[in-house]
Amino acid sequence: MKFLFIAVGSEASVFAVAPLATSVRNAGHEVLLAVNEQQSGAAEAIGVPVVTFKTESIGDFIRAGRPKNARKGSRDPRKSMQGVGRGFGRMASAGLDALLDLAKKWPPDVVVGGSMTYVAGLLATHLNVPYVRQSSDIVPTTDHDIGAEEELRPELKRLGLDGLPVPALFLDVCPPSLKSSYALDAQPMRWISGNRQRRLEPWMYTRPEGRRRVLITSGTRSLMLNTSGGSMRYLVDQLAMAGAEVLIAAPGEAADEFGTDLSDVHIGWIPLDVVAPTCDLAVNHGGGATVMTILSAGVPQLIIPESVRAQAIAQTLSSVGATMEPQQQGVDPKSAEAIAAGSREILSKPQYARQARALANEVATLPTPSEVVRTLTTLAPV
């Protein structure tokens, strides 16, 4: 069978579908992964055949639809997520023709897309083939779907649809205890981390002797590192005083910028899937793929949300005691002072680690991507 995987918007979306795409290929099926040109580097790094198509970045699509008088952070969270959904809807509309052209040359039997890869459903409907939707974190995309449906109304009407295409199969990576009614009928699937790989160094896969380890990461955008070197120095020093070794996963340019001030810290490219199991705490931005990788390793998290979706992820994990958000009266929750205080709180209370391990145990019981392949092959006749 021929499976077309589509991932758009960010490198995280590529890494999210990588394990399933690899499993499908390892089972003997033909696989192509279609991505925006901006994600080509990430796609090439995961080892499956890749094709690209041109669109603007997802940020451009979101900004294009934002009212000129809208102020960042001033909108209702649901409206904000619907706005992001409209941006992904615009990206779907912009990329559809290129993917239809690809399908003429390489007609797939099944189309698989990430949770906000709305073009996958449109393409599958055009081709009259099964559409599979894969989630990439623990929060439903309900509000995003509303925005995408509004944006795609003309395309949906031409297809004779009243709403977004309904997938033949929805794959859900959310641990059972966090699952919402939105995904009750979904096929569960174990989260397997997918990220770039390079030659490892021993400190990446071994725990430091006699010390705890704290990982700080803001994904590929390094938003949390957009602070003065002095503030990051303060945070590192506070964590060191709590007996922790600090690792900072960051793009190369951020490592160059902070390297002099943080010469005693491992900063730069760090493979989260390898390092996470060696950590006692992960301070992060709340990105879906980052959170899922850390959650699967059984590590408690301190989340400093970078978006309203990240805020929803943080609230979901906080509700079961596997994370917290830094909160100090009169102190900016994103400040180094608040992050240091929150980190000390989590490191000093074993219940955070216990709950994080409980969620990781739930993840480990779910069917692996290779087991799910058997279900995928029943969706379309060969």
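What follows walks through the fold of this chain, from its two sheets down to a few individual residues. The model is a predicted one. Its secondary structure comes to 16 helices and 13 strands. Of the 382 residues in the chain, 53% are buried. Taking contacts between residues at least 6 apart in sequence, 67% join residues at least 24 apart.

Start with the sheet of 7 strands. This sheet is open, its pairing is parallel, and its strands line up as β3-β2-β1-β4-β5-β6-β7. The edges belong to β3 (50-53) and β7 (187-188), each of which pairs on one side only. Helix α5 packs on the sheet, where it touches β1, β4 and β5, and its direction makes about 165 degrees with that of β4.

Strand β4 deserves a closer look. This strand spans residues 110-114 and is mostly covered, with 5 of its 5 residues buried. In a regular strand, side chains alternate between the two faces of the sheet. Here Val 110, Val 112 and Gly 114 point one way from β4, while Val 111 and Gly 113 point the other way; all are buried.

The neighbours of β4 are easy to place. Strand β1 (residues 2-7) pairs with β4 in the parallel sense, over 4 bridges. Within that pairing, Phe 5 has Val 112 of β4 as its bridge partner, and Ile 6 has Gly 113 of β4. Strand β5 (residues 131-134) also runs parallel to β4, and 4 bridges join the two. There, Val 112 stands opposite Val 132 in β5. Val 112 thus turns up in both pairings, opposite Phe 5 and opposite Val 132. The link between β4 and β5 involves helix α5 (residues 118-127), and together the three make a right-handed β-α-β unit.

Now for the other sheet. The order β10-β9-β8-β11-β12-β13 describes an open sheet of 6 strands, again with parallel pairing. Its edge strands are β10 (266-268) and β13 (323-324), each pairing on one side only. At the β10 end, strand β9 (residues 244-249) is joined to β10 by 3 bridges, and the two run parallel. Ala 249 stands opposite Gly 268 of β10.

Helix α13 connects to this part of the story through its contacts. The helix covers residues 308-319, has 12 residues, and reaches 16 Å from its first C-alpha to its last, close to the 16 Å expected at 1.5 Å a residue. Its buried residues are Arg 309, Ala 310, Ala 312, Ile 313, Ala 314 and Leu 317. An arginine, Arg 309, is thus found in that buried set. The cover over these residues includes strands β12 (301-303) and β13, along with the helices α4 (77-105), α6 (142-151), α12 (288-296) and α15 (350-365). After α13 comes Gly 321, which has a positive phi, near 80 degrees.

Last, the cysteines. A disulfide is a covalent bond between the sulfur atoms of two cysteines. The count for this model comes to 0 disulfides. Which side of the 20% cut-off do the cysteines at 174 and 279 fall on, buried or exposed? Cys 174 counts as buried because its relative accessibility is 3%, under the 20% cut-off. Cys 279 has a relative accessibility of 6%, so Cys 279 counts as buried too.

Definitions and conventions:
Residues are numbered from 1 along each chain as its sequence is written. This is a predicted model: local features need pLDDT of at least 70, side-chain atom pairs count only at pLDDT 80 or more; totals for chains, interfaces and linings use all residues. Side-chain values use heavy atoms; hydrogens and water are left out. Two strands pair if DSSP finds at least two bridges between them. The expected span of a helix is 1.5 Å times one less than its number of residues. Buried means under 20% relative accessible area, exposed over 50%, partly exposed in between (1.4 Å probe, protein chains only). Contact means heavy atoms within 4.5 Å. A crossover is right-handed if, with the strands pointing away from the viewer, the path from the first strand over the helix to the second runs clockwise. A disulfide is a pair of cysteine sulfur atoms within 2.5 Å. Axes are lines fitted to C-alpha atoms, for helices over the stretch in contact, and angles run from 0 to 180 degrees between N-to-C directions.
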